[in-house]
Amino acid sequence: MDFVETEGDTIDHAIDNALRTLGVGRDKVTLDILSEGRKGIFGFGAQKARVRATLRKPALARPLPEDETETRPASVAAAEVTATTEKARAALEQILKLMGVAATVETKAGGANDEIVLDVRADNNALLIGRKGQTLEALEYLVIRIAGERPGGEAPHIVVDVENYRERRRKSLQDLALRMGEKAKRQRKTVTVDALSAADRRIIHAALQDDPWVTTKSLGQGSYRRLLIIPEGDRRRKEEQNPAAGGKPAVKEAK
């Protein structure tokens with residue numbers, strides 16, 4: 001089974017149903033939103049959200065824009081990882097103390113090799129996360145600067161999180177990417193997503209990189225840039241009619 005079409009009360013529910021049917025994680029499929037659904041009026045006219053989930057073929061994956069790729073450090077010895085982790089944790093606890101925030105910090109392994117997650121638990125999570133995670137990004141930057149630098153750039157990748165906020169944010173951005181991608185294709189107009197960090201932009205680039213009908217490109221200067229989702233339908237049809245025109249080029253980060 002290469003793909004399924006499923007329904008749900010919301011887009012998230014429809015996606016979950018598709019993933020359960022295929023027996024894979026969200027990163028293993030390409031998702032198309034067929035219908036966003038609607039609640040109706042007093043229960044009348046309601047429609048289910050509907051999605052199509054297609055198993056990804058790794059050979060067809062497109063590279064991320066050069067400026068959006070994230071360099072992972074080389075593997076380091078266990079003792080080095082432990083020392084860096086303890087220094088990062090102590091630095092984060094000291095920063096939180098200076099902020100006047102009563103919190104605990106739990107250390108756990110991340111989803112990638114040499115990735116260490118410092119998960120913060122506090123009463124006032126919103127204060128630590130900030131608008132669109134900006135405060136959390138600043139905390140992580142400070143901790144990495146204090147504890148993450150090693151000769152040759154070899155160090156575990158430190159991630160600061162607040163009660164699994166980053167995973168919730170990732171899923172939210174993936175859903176946003178799918179909705180905006182469908183809007184760009186449906187209206188045949190470029191859709192703009194404003195003010196995203198590099199980490200957030202990478203999530204949207206990755207969510208749409210296997211969709212041959214759209215291209216993503218970052219635009220602007222500085223850490224927070226706009227992201228463009230550009231429909232490629234007309235050009236794709238021309239290439240199919242004229243194979244000599246060549247395939248779709250890899251996306252490039254705007255300078």
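**Exercise 1.** Lysine 132 lies in the loop between α3 (125–129) and α4; describe its backbone angle and its exposure.

*Solution.* Start with the ground rules. This is a predicted model, in which local features need pLDDT of at least 70, side-chain atom pairs count only at pLDDT 80 or more, and totals for chains, interfaces and linings use all residues. Residues are numbered from 1 along each chain as its sequence is written, and side-chain values use heavy atoms, with hydrogens and water left out.

Step 1: read the angle. Phi of lysine 132 is near 55°. That is a positive value, and the residue is not glycine.

Step 2: read the exposure. Lysine 132 has 35% relative accessibility, so it counts as partly exposed. (Buried means under 20% relative accessible area, exposed over 50%, partly exposed in between; 1.4 Å probe, protein chains only.)

**Exercise 2.** Where does asparagine 164 sit, and what is its phi?

*Solution.* Step 1: find the place. Asparagine 164 is in the loop between β6 (157–162) and α5. Helices (H or I, at least four residues) and strands (E, at least two) are DSSP runs, numbered from the N terminus.

Step 2: read the angle. Phi of asparagine 164 is near 65°, a positive value in a residue other than glycine.

Step 3: add the exposure. The relative accessible area of asparagine 164 is 38%, so this residue is partly exposed.

**Exercise 3.** In which order do the strands β1, β2 and β3 stand in their sheet, and which of them are at the edges?

*Solution.* Step 1: set the order. The three strands form an open sheet, β1-β3-β2, with antiparallel pairing. (Two strands pair if DSSP finds at least two bridges between them.)

Step 2: find the edges. β1 (3–8) and β2 (29–35) each have a single partner strand, so one side of each has no neighbour in the sheet. From one strand to the next, the twist averages 25°.

Step 3: look at one pair. β2 and β3 (residues 49–55) run antiparallel and are joined by six bridges. Take isoleucine 33 as an example: its bridge partner is valine 51 in β3.

Step 4: add the helix. α1 (residues 11–22) lies across β1, β2 and β3. The helix runs at about 140° to β1. (Axes are lines fitted to C-alpha atoms, for helices over the stretch in contact; angles run from 0 to 180 degrees between N-to-C directions.)

**Exercise 4.** Is isoleucine 229 buried or exposed, and which residues does it touch?

*Solution.* Step 1: place the residue. Isoleucine 229 belongs to strand β9 (residues 225–231).

Step 2: check the accessibility. The relative accessible area of isoleucine 229 is 0%, so the residue is buried.

Step 3: list the contacts, leaving out residues up to four places away in sequence. Isoleucine 229 touches, among others, Ala177, Met180, Val191, Val193, Leu208 and Val214. (Contact means heavy atoms within 4.5 Å.)

Step 4: compare sequence with space. Isoleucine 229 and alanine 177 are 52 residues apart along the chain. Their C-alpha atoms are separated by 8.6 Å.

Step 5: find the partner strand. β9 pairs with β8 (residues 214–219) over six bridges, in the antiparallel sense. Threonine 216 stands opposite isoleucine 229.

Step 6: look at the turn. β8 and β9 make a hairpin, with five residues between them. Glycine 220 in that turn has a positive phi of about 120°.

**Exercise 5.** Why is helix α6 largely enclosed by the rest of the structure?

*Solution.* Step 1: count. Helix α6 (residues 198–208) has 11 residues, and eight of them are buried, so the rest of the structure largely encloses the helix.

Step 2: name them. The buried residues of α6 include Asp200, Arg201, Arg202, Ile203 and His205.

Step 3: find the cover. α5, β7 (191–196), β8 and β9 are among the elements that cover these buried residues.

Step 4: zoom in on one residue of α5. Glutamine 174 is found in α5 (residues 165–187). Its relative accessible area is 13%, so glutamine 174 is buried. Beyond its neighbours within four places in sequence, glutamine 174 is in contact with Arg26, Ile203 and Ala207.

**Exercise 6.** How many helices and strands does the protein chain have, and what share of its residues is buried?

*Solution.* Step 1: count the elements. The chain has seven helices and nine strands.

Step 2: take the share. Of the 255 residues in the chain, 38% are buried.

Step 3: check the reach of the contacts. Consider those between residues at least 6 apart in sequence: 64% of them join residues at least 24 apart.
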